[in-house]
Amino acid sequence: MWRKTPGEDLGGILHFYHEIRYEFVRNEDSRKGGIAVKDLYLAGGPYYGVQEVFSRIKGVVETTAGFANSSVPNPRKEDVENGKVQAVECVKVTYNPKKIDIGTLLSVFFTIVNPYTDGIQGKCTGPHYRTGIYYVSGEDTPQITYYMAYYQNRGNSRPVSESCLVFNEYENEKNIRPPIRTEARRLENFYAAPEEEQYFLRKYPDTYSPIDIKLLEEAGTLEILT
């Protein structure tokens, strides 16, 4: 259940920002000691922004940038970008379910992407930039279905900076909510991007990303309720 920030009279507005602090940390290898991990595949525009956010979340063991649901094996990035192979830029998120659950991951995901557009995230456009949630286990579908329905009824996307769209407010009953365009289906395949593409924003921090990493760092928060 989501809630307003304590002490604020928001007049019916539900805010993501300034609700609950969530620590950004370095990855921890929870595979040591034989701890079981799970995978979730998330697409939300250029993979380097999505990877940078999820690589810092406590409980996430590993992230891998790559391409999901390609019509050919081992697709080249140029073929993904021109739409020839129908693949989407995606991040494999490997996490320790004892430290973080899929609901929290989906809360983060819907905080940093605009789910109402089809292949448009900020200034980045193309079918390979569509948003998607791809699962490998059928036991994840109830949670995914719930969050899709929840965010469909939450409100419109709003810009929080020139470079970052965050879907974060429900203003009034007169707002028309466009349908969520985020795909939610079983993963068909996933191919890791070249090594030079992994953790790209750490190597080239000035690269444009629809996800405003600096804004998230300055805020020190991700508005999620576990």
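This passage describes how the chain of a predicted model is folded, moving from the overall picture to single residues.

The protein chain has 226 residues, and 51% of them count as buried. Its secondary structure comes to 6 helices and 10 strands. Among contacts between residues at least 6 apart in sequence, 77% join residues at least 24 apart. Towards the outside, the chain exposes about 11,000 Å², with carbon and sulfur atoms supplying 50% of that area.

A good place to begin is the sheet. Six strands form an open sheet with mixed pairing, and their order is S9-S6-S1-S3-S2-S10. At the edges are strand S9, covering residues 183–186, and strand S10, covering residues 190–192, each of which pairs on one side only. Direction ignored, neighbouring strands of this sheet are turned by 30 degrees against each other on average. In general, the strands of a sheet pair through backbone hydrogen bonds, and they may do so in parallel or antiparallel fashion. Strand S2 (residues 60–68) and strand S3 (residues 88–95) are an antiparallel case, joined by 8 bridges. Within this pair, Ala-68 stands opposite Val-88 in S3.

Helices accompany the sheet. Helix H1, residues 47–54, lies across strand S1 (38–43), S2 and S3, and runs at about 170 degrees to S2. Helix H4, residues 141–152, packs on the sheet and touches S6 and S9. The direction of H4 makes about 165 degrees with that of S6.

What lies in the interior? In soluble globular proteins, nonpolar side chains tend to be buried together. Here the largest nonpolar core has 41 residues, and those with the most contacts inside it are Leu-40, Leu-42, Val-53, Phe-54, Leu-105, Leu-106 and Ile-133. Helix H3 (residues 102–112) gives the most to this core, contributing 7 residues. A second, separate core has 8 residues, including Ala-68, Val-88, Tyr-134 and Leu-187. The pair Ala-68 and Val-88, met above as opposite partners in S2 and S3, thus reappears in this second core.

Helix H3 deserves a look of its own. This helix is mostly covered, with 11 of its 11 residues buried. The buried residues of H3 include nonpolar ones such as Ile-102, Leu-105, Leu-106, Val-108, Phe-109, Phe-110 and Ile-112, and also Thr-104, Ser-107 and Thr-111. Phe-54 is a useful residue from which to view this helix: setting aside residues up to four places away in sequence, Phe-54 touches Leu-105, Val-108, Phe-109 and Ile-112. The other residues that Phe-54 touches on this count are Leu-42, Val-60, Thr-63 and Val-93.

Charged side chains can be found under cover too. Arg-130 sits in the loop between strand S5 (124–125) and strand S6 (132–135). Arg-130 counts as buried because its relative accessible area is 13%, and the cut-off for buried is under 20%. Which partners does the side chain of Arg-130 reach? One is the backbone oxygen of Pro-127, at 2.7 Å, and another is the side chain of Glu-183, in a polar contact of 3.3 Å. Leaving aside neighbours within four places in sequence, Arg-130 is in contact with Glu-183 and with several further residues, among them Ala-43, Gly-44, Gly-45, Gln-86, Ala-87, Val-88, Asp-118 and Gly-119.

Asp-140 offers a second example, placed in the loop between S6 and H4. With a relative accessibility of 3%, Asp-140 also counts as buried. The side chains of Asp-140 and Lys-38 are joined by a polar contact of 3.0 Å. Not counting residues up to four places away in sequence, Asp-140 touches Lys-38, Ile-102 and Tyr-135.

Finally, two asparagines catch the eye through their backbone angles. Most residues other than glycine have a negative phi. Asn-69, however, has a positive phi of about 55 degrees, and for Asn-74 the value is near 45 degrees, again positive. Both residues belong to the loop between S2 and helix H2, a helix that covers residues 77–81. Are these two asparagines buried or exposed? Asn-69 is buried, at a relative accessible area of 4%, whereas Asn-74 is exposed, at 61%.

Note on methods. Residues numbered from 1 in each chain as written. Predicted model: local features only at pLDDT ≥ 70, side-chain atom pairs only at ≥ 80, totals over all residues. Heavy atoms only, no water. Core = buried A, V, L, I, M, F, W, Y, C linked by side-chain atoms within 4.5 Å. Buried < 20%, exposed > 50% of the residue type's maximum accessible area, 1.4 Å probe, protein only. Helix = DSSP H or I, 4+ residues; strand = E, 2+ residues; numbered from the N terminus. Contact = heavy atoms within 4.5 Å. Areas by Shrake-Rupley, 256 points an atom, 1.4 Å probe, with all protein chains shown as cover. Polar contact = N/O pair within 3.5 Å; in protein donor to acceptor, adjacent residues only side chain to side chain. Pairing = 2+ DSSP bridges. Axes fitted to C-alpha atoms, helices over the stretch in contact; angles between N-to-C directions.
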